[in-house]
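Colleague: I am new to this one, and I would like to understand the terms as well as the values. Could you show it to me and let me ask about each point?

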Number of protein chains: 2
Amino acid sequence: MSAPHPKGSFRSQISVREAIAVLQTHAPTLGAETVPLTAAADRVLAEDLASRVDHPSCDNSALDGYACRAADTLGASADAPVTLRLVGDVPAGSVFDGTVGPGEAVGIYTGAPLPRGADAIIGVEFTRALGGEVALTKPASGDDVRPRAQDLRAGEVYLKRGQKLSPAALGVAAAMGYAELPVVQKPKVGILATGDEVVEPGRPIREGQVYNANGYALAALVARAGGEAVLLPHVRDDLGALEAALGRLELDLLLTSGGVSMGRYDLVRDLLFERGRVHFWKVAMKPGGPALFGHYGELPVLGLPGNPVSSLVVFELLGRAWLQRALGSLSRLPYDARVTGVAETPFRGSGFKETFARATLTFENGGYRARSTGNQSSGVLRSLLVADALAVVPPHTDILAGERLELIML
Amino acid sequence: MSAPHPKGSFRSQISVREAIAVLQTHAPTLGAETVPLTAAADRVLAEDLASRVDHPSCDNSALDGYACRAADTLGASADAPVTLRLVGDVPAGSVFDGTVGPGEAVGIYTGAPLPRGADAIIGVEFTRALGGEVALTKPASGDDVRPRAQDLRAGEVYLKRGQKLSPAALGVAAAMGYAELPVVQKPKVGILATGDEVVEPGRPIREGQVYNANGYALAALVARAGGEAVLLPHVRDDLGALEAALGRLELDLLLTSGGVSMGRYDLVRDLLFERGRVHFWKVAMKPGGPALFGHYGELPVLGLPGNPVSSLVVFELLGRAWLQRALGSLSRLPYDARVTGVAETPFRGSGFKETFARATLTFENGGYRARSTGNQSSGVLRSLLVADALAVVPPHTDILAGERLELIML
């Protein structure tokens, strides 16, 4: 066995921060497409959106009750109710034609336009209606009038390019009058598990073989990150077969798992070193050390390690950075969105590498407490099932129980 | 205007906790369906799943390097390397036919089965290969052998009924050998905005009218909670039209927005009181006070207030409780999944009602700090755009700046 002899210039053992910068340099700017509101959830907005209307569209009632003139009702109380003459009724969606004069009231419903002449509302629970009159046991107040445009003003931008469309954002877009929204196209992300030992789940397995777990986990992570996952048929360790598979695809990014280490059979490494370009190989992180990024022709390729945990951690920390840049997303990267907590168990570092240890969290006395999930061997995918966070252990550091540490939520 | 005269027995001004219990009493048990792994993300598992295989399927190498007998390599160092005879090569996915004897080594790759006779691995970086021999500058160790079934043992349950299928869970399911998974059927949740003043976005709007914002926001929340959202055409304030619309639907739950208050035109309230059954009307919460729950025939109906913020908060706190019970989900309810923080601004209570105030959070010095989003008027949907959490203000309480409070993350 011999270590490979990489050609060309590339960077090695760079920090996670540097790797993110390299990935983002090579992220494209994706185009926009228009989708109906019902298909826009969790998409990234492609343009700033200004409201097309004032919302509410007029001064209106915050309550079910009566609209009247505040000056008429001063001093009203249970002992000394004020009686007004009922001159009409205005449900939401209709407009009262007349004007409310002194001593008059109009029945009004939540959201209905405030009638001309009225400047105050009294809630129905502080009234008694008797024939053509209504008695108020409390003064009516202007505070229960919702002014026009209180929530949204026509022409003002409330949703920003790069914003992820949450349920509330979709509600705001609808309230602004939009039936469809410009969103950033989803990047097509191919996912390819390599290795002669990899078998698709559902088929029989022999000793020494392993089911393709990474592909399915990565596809779900890619979708969650806003990409369109394209799960590719598994390729055996054959450079020709791999090139033939890649030649037919229209992808924005290829994620591979496996084949990036130092062995003779590390296919993705060979593809990029021999037939493509390598930007970096090896990142000073654990798990995930062998991560590789380059181009095969025009196609960016992020080579993830074959170990399930390594591949998921590298995708979250590095792959997401490429996707979020390509989408123009304003969301913070997982690597940057940290909270702090206190270690309940020790977390060991790994020399010059930054370590990301799976941890379970509890929240006690106003803060997070983190416990290692135990075996941090990068094969133990099961540990990711229970992990709430990645505990960040800086290079050349061990974290002792009781010490403070930084946490990346999963 | 007259307040309605509700018939039959129902509960009123119950606590959020009691309302959750009532909703869950009326949640059905949904059936299961089988879906491929690629369609199972975020679904709820319908059965406990035991592994079909040991994973790894045999003792194997954690490294690229050489397999040999540990006893042969004791004392190996850079100054005094130990030389072994190379007798073969075993890539991942294949099995070495022979047996590794004393003084012998076999080239091995990450994941490849440990050859018979070998009990240790040495990483390639501590070796020099020379012709038919390899020199070790460090003793080989059994620690770099991953034992069979280290990660998963055939027959043992690793995924539980009720578990939401995260990316890691899908990876584990694949590693256990499953190509498809039994998941709980998605409940069909109809969403109906009522009110003569409501107009679909994209159409022109008149003074006093308002775009249907709630429907689109609720549809996204229902989907996120694991339901299949069915956005129904908006119905005018006409009981006959509403009944005709409902007669044709096969739903597990109907969510309405608007029409549950005390006015003459509150349609959903009338439907349930006059033609159905009411379990509760009014919950001691703010926003969301007028929330109503009942049955129209066999169909459970959760009536949400028309105010956008109220409807979203009631869905998150009450509607989710129905969905999670119907799905058999093990996830904690938003109402129960609280963290604590410190108030940076005052949060005012609302008498006997439990208050859920929109708040933005920062994380400082190991804990959360919460600021009110300002105007807590339930019309201000925009405030939900920026809110990170709902601050819980107990009944008959005001929270002062600097005091501790409970937070429900959004």
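Modeller: Let's start with the naming of elements: helices (H or I, at least four residues) and strands (E, at least two) are DSSP runs, numbered from the N terminus. This is a predicted model, in which local features need pLDDT of at least 70 and side-chain atom pairs count only at pLDDT 80 or more, while totals for chains, interfaces and linings use all residues. Residues are numbered from 1 along each chain as its sequence is written, chains are lettered from A and ligands numbered from 1 in the order in which they are written, and side-chain values use heavy atoms, with hydrogens and water left out.

Colleague: Thanks! Where is Pro56(B), then?

Modeller: Pro56(B) sits in the loop between strand 3 (49-50) and strand 4 (60-61) of chain B. The peptide bond that leads from His55(B) to Pro56(B) is cis, with omega near -5°. In chain A, His55(A) and Pro56(A) are joined by a cis peptide bond too, with omega of about 0°, and Pro56(A) is in the loop between strand 3 (49-50) and strand 4 (60-61) of chain A.

Colleague: What makes such a bond worth pointing out?

Modeller: Most peptide bonds are trans, and most residues other than glycine have a negative phi. On the second point, Asp42(A) is not a glycine, and yet has a positive phi of about 70°. Look for Asp42(A) in the loop between strand 2 (32-36) and strand 3 of chain A.

Colleague: What makes Asp54(A) and Arg148(A) a salt bridge?

Modeller: The term asks for a side-chain nitrogen of Lys or Arg within 4 Å of a carboxyl oxygen of Asp or Glu. For Asp54(A) and Arg148(A) the N to O distance is 2.8 Å, so the pair meets the rule. Asp54(A) lies in the loop between strand 3 and strand 4 of chain A and Arg148(A) in the loop between strand 11 (145-146) and strand 12 (157-159) of chain A, so the pair ties together parts that are 94 residues apart in sequence. Over all chains, the structure holds 28 salt bridges.

Colleague: How many salt bridges are there between chain B and chain A?

Modeller: Four salt bridges are counted there. In one of them Asp151(A) meets Arg382(B) at 3.7 Å, N to O, and that value satisfies the rule because the limit is 4 Å. The interface of chain B and chain A also has 16 residue pairs in polar contact, both residues at pLDDT 80 or more. A polar contact is a pair of N or O atoms within 3.5 Å; within protein, one must be able to donate a hydrogen and the other to accept it, and residues adjacent in sequence count only if both atoms are side-chain atoms. Of the elements on the side of chain B that touches chain A, helix 2 of chain B gives the largest share, eight residues.

Colleague: How do you know how much area is buried between chain B and chain A?

Modeller: Buried area is the accessible area (1.4 Å probe) that two parts lose on being put together, summed over both. Between chain B and chain A this is about 6,700 Å², and carbon and sulfur atoms give 63% of that. By contact (heavy atoms within 4.5 Å), 87 residues of chain B meet 87 residues of chain A.

Colleague: Why is the relation of the chains called a two-fold axis?

Modeller: Copies are superposed by least squares on the C-alpha atoms of residues with pLDDT of at least 70 in both. A turn of 180° and a shift of 0.0 Å along the axis lay chain B on chain A with an RMSD of 0.1 Å. That is the relation of a two-fold axis. In chain B, Gly367(B) comes closest to the rotation axis, with its C-alpha at 2.6 Å. The copies meet through the same surface, because 100% of the interface residues of chain B are also interface residues in chain A.

Colleague: Which domains is chain A divided into?

Modeller: By an automatic or database domain assignment, chain A has domain 1 (11-30 + 186-327), domain 2 (33-53 + 159-184), domain 3 (60-146) and domain 4 (338-409). Between domain 1 and domain 4 of chain A about 1,200 Å² is buried, 72% of it from carbon and sulfur atoms. The rule finds zero salt bridges across that interface, while three residue pairs are in polar contact there, both at pLDDT 80 or more.
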